[in-house]
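Biologist: I have the sequence and the model open side by side. Can you walk me through some local details?
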Amino acid sequence: MERKQLNIGLFGFGCVGYGLHQVLAQTTNVAASIKYICVKNKNKMRQIVASNFVFDKHIILDDAEINVVVELIDDADEAFEIVKKAMQNGKAVVSANKKMIAEHFDELRLLQKQYEVPFLYEGSVCASIPIIRNLEEYYNNDLLTSVEGIVNGSTNYILTKIEAENTSYQIALQQAQENGYAESNPILDTGGFDAKYKLLILLAHAFGLVVQPKEILNIGIDGISPLAIKYAKENGLKIKLIAHAIKINEKEIVAVVAPKLIASSNQLYRVDDVYNGVCLQTAFAESQFFVGKGAGAHPTASAVLSDISALTFNYRYEYHKIKINQYTLVNNNRIVVGVLLSASIEDIEALKHYFSNITETYSNHTDAYIIGKIGLQDLQLINIAFDACIILISIMQQPTTTIEAQQLAFAN
Ligand SMILES: NC(=O)c1ccc[n+]([C@@H]2O[C@H](COP(=O)([O-])OP(=O)(O)OC[C@H]3O[C@@H](n4cnc5c(N)ncnc54)[C@H](OP(=O)(O)O)[C@@H]3O)[C@@H](O)[C@H]2O)c1
């Protein structure tokens, strides 16, 4: 097949945009070159000559010679306007903007169909790990049973610094920002929103399930208490921010982002710093594990480059699984979550009532924790109504029949 020559209009020249410029300059086997780079701030010093830059998006969007728009800006609303217009003008688009993709997933799919242009976004999930294309192309819908992973590099970096070096949360966050790992607005990372956007994209490509961001519970790492950190250390566990997508039966999927206690036997235990890791459980291949850098200029740019290269072969996502989707998201108390909950002594007394089973309690002069089982819907309520630190231990389905109970007992 003859490879297409790509003429790129690049939006954004920050961490990833500049990274892509460097990576492209060192890549000889991709027939692509950047014609213009559109940025926002006219007074900023740039690493390359000024004649490369434009400040009006229409210069790229209306240029008939440009056949690919690469969108790498940090403003999700403006990114959507750029991507939409680019597709309407018949241009292929590559983006790494998970917030924009998650918030407009269905519209973006329709635009691709309506204007017959590809839209690729491998860099939006786990940066350097080729997870979207693998889920899209390799794994058959009914073979996958769960996708769980560390999908946010900056929170993993922060948690590693806290765990391994006793660094304070604030200092670790600052270091993540200095290294270019954190989003411009850090609450997107630390609040678990970025991981949730990625989980939404993974759900669509793994299971064909398209949901809105507000439907997925996300608990961040900003509330992790010293008591929880101490508990993890004393028990040889690590706290990791995990995105979970678990098929619980032939019709339902549980999707949650939350900090979780990870044992040393779990492959994710050794995924530290800015690395991401994704574990897939499948019916026949059983457990599979992907690992790689989940943030930073060159790792993310490598995924963007791979999408650009794929465009030269006319690659596009076909979204087969969405077309035959049979799943819904389940968020109710039928889903039972094993959890460590820590809070002030007064709050813990109120929180005890939500537990169906308590296996351990502890308190010092001011704070306390409970370990036990709680319904997923109740956990959502607690997350909103209480100033509590929530750390997951497990996710399971409440058996509704004796046969299910026997099956679960056997599986566990
Ligand atoms: N950093 C990572 O490790 C990473 C990993 C995966 C995905 N991503 C995603 O990649 C995208 C870019 O992230 P980044 O870290 O490279 O951001 P960044 O370093 O903050 O750079 C943002 C760039 O966007 C430009 N920009 C903002 N608004 C614009 C507008 N309206 N028109 C044109 N340019 C505009 C800025 O222009 P000025 O230079 O003029 O300010 C800047 O060059 C985001 O969607 C992010 O979620 C990042």
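Biologist: What follows helix 3, and what is the sign of its phi?
Modeller: G90 follows helix 3, and its phi is positive, near 80°. Helices here are DSSP runs of H or I with at least four residues, strands are runs of E with at least two, and both are numbered from the N terminus.

Biologist: Before I read too much into that, where do these values come from?
Modeller: This is a predicted model, so local features need pLDDT of at least 70 and side-chain atom pairs count only at pLDDT 80 or more, while totals for chains, interfaces and linings use all residues. Residues are numbered from 1 along each chain as its sequence is written, and side-chain values use heavy atoms, with hydrogens and water left out.

Biologist: Back to helix 3. How many residues does it have, and what is its reach?
Modeller: Helix 3 covers residues 76-88, which is 13 residues, and reaches 18 Å from its first C-alpha to its last. That is close to the 18 Å expected at 1.5 Å a residue; the expected span is 1.5 Å times one less than the number of residues.

Biologist: Which of the residues in helix 3 are buried?
Modeller: A76, A79, F80, I82, V83, A86 and M87 are buried. Buried means under 20% relative accessible area, exposed means over 50%, and partly exposed is in between, with a 1.4 Å probe and protein chains only.

Biologist: Where do they sit around the axis?
Modeller: They cover an arc of only 165° around the axis, which puts them on the same side of helix 3. The arc is that of the directions from the helix axis to the C-beta atoms. As background, an α-helix has 3.6 residues a turn, so residues three or four places apart point the same way.

Biologist: What caps the N-terminal end of helix 3?
Modeller: D75 does, with a side-chain oxygen 3.1 Å from the backbone nitrogen of D77.

Biologist: Now helix 8. Which residues are buried there?
Modeller: In helix 8, residues 169-178, the buried ones are A172, L173 and A176. Their arc around the axis is only 100°, which puts them on the same side of helix 8. On the other side, Q170 and E178 are exposed.

Biologist: What covers the buried ones in helix 8?
Modeller: The cover includes helix 7 (153-165) and helix 9 (187-190).

Biologist: And what comes just after helix 8?
Modeller: G180, with a positive phi of about 75°.

Biologist: Which residues other than glycine have a positive phi?
Modeller: Among them are N166, with phi near 55°, and N314, with phi of about 60°. N166 lies in the loop between helix 7 and helix 8 and is exposed, with a relative accessible area of 63%. N314 is in the loop between helix 12 (297-312) and helix 13 (320-323), and at 42% relative accessibility N314 counts as partly exposed.

Biologist: Different topic: H205. Is that one buried or exposed?
Modeller: H205 counts as buried, at 1% relative accessibility. H205 is in helix 10, residues 193-207.

Biologist: Which side chain does H205 have a polar contact with?
Modeller: The side chain of Y121, at 2.7 Å. A polar contact is a pair of N or O atoms within 3.5 Å; within protein, one must be able to donate a hydrogen and the other to accept it, and residues adjacent in sequence count only if both atoms are side-chain atoms.

Biologist: What else is H205 in contact with?
Modeller: Leaving aside neighbours within four places in sequence, the contacts of H205 include F105, I132, L135, E136, Y317, Y319 and K321. Contact means heavy atoms within 4.5 Å.

Biologist: How many disulfides are there?
Modeller: The count is 0, taking a disulfide as a pair of cysteine sulfur atoms within 2.5 Å. For C15, the nearest cysteine sulfur is that of C126, 16 Å away.

Biologist: Last one: strand 11. How many of its residues are buried?
Modeller: In strand 11, residues 275-282, 6 of the 8 residues are buried, so it is largely enclosed by the rest of the structure. Strand 11 runs antiparallel to strand 7 (residues 144-150), joined by 6 bridges, and antiparallel to strand 12 (residues 286-293), joined by 8 bridges. Two strands pair if DSSP finds at least two bridges between them. A hairpin of 3 residues joins strand 11 to strand 12.
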